[in-house]
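Pull the model up on your screen and let's take a walk through it. We'll begin with one residue and work outwards from there.

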Amino acid sequence: MLQTKHYFHEMETIATKSVTKGRSNNKLSKTIHKLTTLNFASNNALFFLTTHETKAHHHQAKNKNEEFKARTRRRAVMEALIARLFAGVTTIKASYAELQMAQQPYNNEAIQKADQAVVDELISISELKKRYLKKELNISSPQVTLMLAEVQEQQSLMKTFGITIQKLQSLVDTKDSEISSLKKQLHECTAFNKSLEKKLHSSASLSKFENLHLSALNTTHFIHFLQHTLSSMKSFTKLMIKEMESSNWDLELAAKCIQPDTVFIKQNHQCYAFESFVNMTMFEGFNVPSEPLEKHHNRNLYLESFKRHKSLNTKHYLSAHDPNSSFARFLKSKYLHVVHEKMECSFFGNLNHRKLLKLNNGGVPDSAFFVAFAEMAKRVWCLHCLALSLDEDVRIFQVKKNTRFSEAYMECEAEQVVSTSSEEVTDSDSGELRVGFTVVPGFMIGKSVIQSQVYLSPVS
C-alpha cells in the first residue's frame, strides 16, 4: 500500500515536471514553427521570382533568335535579288552583243531572236522591281535563287566571250585577207620591177664600157653586166628546155636527176632546176685567173679582154682566131660540160657539134642552139674578165640546201611569194620553206653583197 502511494507520488511529480517542461517546449515549438513558416514563404517567393525571370529570359532569347533568323533571311533574299538583277543585266549585254553580231553579215532570224531575248529580260527585271517595291518578293529558297542567278550570269558571260572571240577572229581573217592582198600586190610589183630592170639592162647600150678605165671601174659596172649575162643564160635555158620537150624528154625525171631531194611547189618550177644546172656549170671556176701575170698587169689585161670580147660575133671570132685561145678553150670546155652526149644526140640525132669543136681547126657549129650557147659563154667570159679587173676581190658563193632564207644574202625567184618581215620564209600551204637549191650564185665584192637567187622548197 505504501509502495503504491509512493509510486503514484512519483508519477505525479514526473507529470508536474512534464507539464512545466511541456509549456516551455510549446513556446519553443511555436517559435520554430513561425520561423519555419517564414522561411518557407521566403523560399516560395524566391522560387517564383527565379522561375519568372527564367521564362522571361528564355522568351527574350527566343525573340532575338527569331529576329536574327528573319534578318539573315532578309539579307539572303536581298543577295539573291541583287544576284538575279546582275544576271539579268549580263544576259541583256550578251543578247545585245548577239544583236550586233547578227547585223554584219545580216541575219534576220538571229536579230529577232536576240531582240526578243533583250525584251524578255527587261520585262523580267521590271516585274522583279514591282514585287520589290510592293514587298511581295516570293523567294522561297534564296540559296537556290542565288545559285541559279550565278549560273545564268556565267552562261551569259561565256556567250559574250564567245561573241568577242568571233569578232576578233573575223578581224583576224580580215587582216589576213588584207595581208594576202598586199603580199600579192608586192609580188606583182616586184615581178614588174624586175621585168623592167631586165628590159632596161637588156636594151641599155654597152657603149659606156667603150672608154672605161681602171680608175673609173666600180661595182656598178659589174652589176650591170651581170644582169646582161644572166639574161642570156636564161634565154639559153629556155631554148634547151624547148629542145628537150621536142625530143620527148621527161622533164620531171630530168629535174629530179639534177635536184633529187627537192620538192617543187608547182610543176612549172622544174625549169629552175635546169637553170641552176646551166648557171652553176658556167660559173664554175669563175674566180680562177686565166693569165699568170702580176696583179696590176692582170687588171689591165682583163679589162682589155673584156672590151675586146663584149661586142664581137662569137662565131666569126672562133673561126678567125686561134682555136686554142683562152676564150676558145673556155667555150669548148663549158659546152662539153653543159651539153651531155645523150642530150646532143637526142637534139640533133648525132654528135657533130662536139666532134667539130674537138677538131680545133676553127670549125664552128652553125645551129641556133650553139649560137645561143656561144653568146651566153661570151658574156660569162666577159663578166669573168670584168671581175678580175676590179680593184676589190670578187668572190662567188652559193647557198647550201635546207638553209633558212636570209634577205641579206638571198632573194627568191619571182614566182615564189615570200614573207619579208622575218628571216624565216613560210608558205601558208606547205609550212616552213627552206632553200632547195641555188638558181643563180651570189657575189661578194669587197664588203658588198650581190644576193644569190634561190629556189625555196618545203622542208621534207
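Val151 counts as partly exposed, because its relative accessibility of 43% falls between the 20% cut-off for buried and the 50% cut-off for exposed. Keep in mind that this is a predicted model. You'll find Val151 in helix α3, which covers residues 142–203. Its C-alpha atom is 8.4 Å from that of Ala87, although the two residues are 64 apart along the chain.

Now for the wider view. The chain contains 12 helices and 7 strands, and 33% of its 460 residues count as buried. If you take the contacts between residues at least 6 apart in sequence, 72% of them join residues at least 24 apart. The accessible surface comes to about 29,400 Å², with 57% of that belonging to carbon and sulfur atoms.

Part of the surface is a nonpolar patch of about 500 Å², made by Met78, Ile82, Phe86, Tyr132 and Leu133. Two elements give two or more residues each to this patch: α1 (2–101) and α2 (108–133). Helix α1 supplies the largest share, 3 residues, and Phe86 is found in that helix.

Next, find the open sheet of 3 strands, ordered β1-β5-β6 and paired antiparallel. β1 (394–397) and β6 (448–450) are at the edges with a single partner strand each, so one side of each has no neighbour in the sheet. From one strand to the next, the twist averages 20°. As a reminder, strands of a sheet pair through backbone hydrogen bonds.

Let's go through the pairings. β1 is joined to β5 (residues 442–445) by 4 bridges; here Val394 stands opposite Ile445, and Arg395 stands opposite Met444. On the other side, 3 bridges join β5 to β6, and Phe443 has Ile450 as its bridge partner in β6. The hairpin of β5 and β6 has 2 residues between the strands, and Gly446 takes a positive phi near 65° there. Lying across β1, β5 and β6 is helix α4 (residues 219–246), which runs at about 165° to β5.

Helix α4 also brings us to the salt bridges, of which the model has 8. Lys234 and Glu275 form one of them, at 3.0 Å from N to O. This pair links distant parts of the chain, with Lys234 in α4 and Glu275 in helix α6 (residues 271–283), 41 residues apart. Which of the two is buried? Glu275 is, because its relative accessibility is 7%, while Lys234 is partly exposed at 22%.

Another salt bridge joins Arg299 and Asp391, whose closest N and O atoms are 3.6 Å apart. Arg299 lies in helix α7 (residues 295–309) and Asp391 in the loop between α12 (368–389) and β1, so this pair ties together parts 92 residues apart in sequence. Arg299 counts as buried at 14% relative accessibility, whereas Asp391 is exposed at 60%.

Finally, look within helix α12. Lys378 and Glu375 meet in a salt bridge of 3.3 Å, N to O; they are 3 residues apart in the helix, so about one helical turn separates them. Lys378 is buried, with a relative accessible area of 4%, and Glu375 is partly exposed at 26%. Arg379 joins in too: Glu375, Lys378 and Arg379 are linked in a network of salt bridges.

Methods:
Residues are numbered from 1 along each chain as its sequence is written. This is a predicted model: local features need pLDDT of at least 70, side-chain atom pairs count only at pLDDT 80 or more; totals for chains, interfaces and linings use all residues. Side-chain values use heavy atoms; hydrogens and water are left out. Patches are made of residues with over 30% relative accessible area and no salt bridge: like charges are joined within 9 Å, nonpolar side chains (Val, Leu, Ile, Met, Phe, Trp, Tyr) within 5 Å. Accessible areas come from the Shrake-Rupley method with a 1.4 Å probe; for residues, only the protein chains shown count as cover. A salt bridge is a side-chain nitrogen of Lys or Arg within 4 Å of a carboxyl oxygen of Asp or Glu. Two strands pair if DSSP finds at least two bridges between them. Axes are lines fitted to C-alpha atoms, for helices over the stretch in contact, and angles run from 0 to 180 degrees between N-to-C directions. Contact means heavy atoms within 4.5 Å. Buried means under 20% relative accessible area, exposed over 50%, partly exposed in between (1.4 Å probe, protein chains only).
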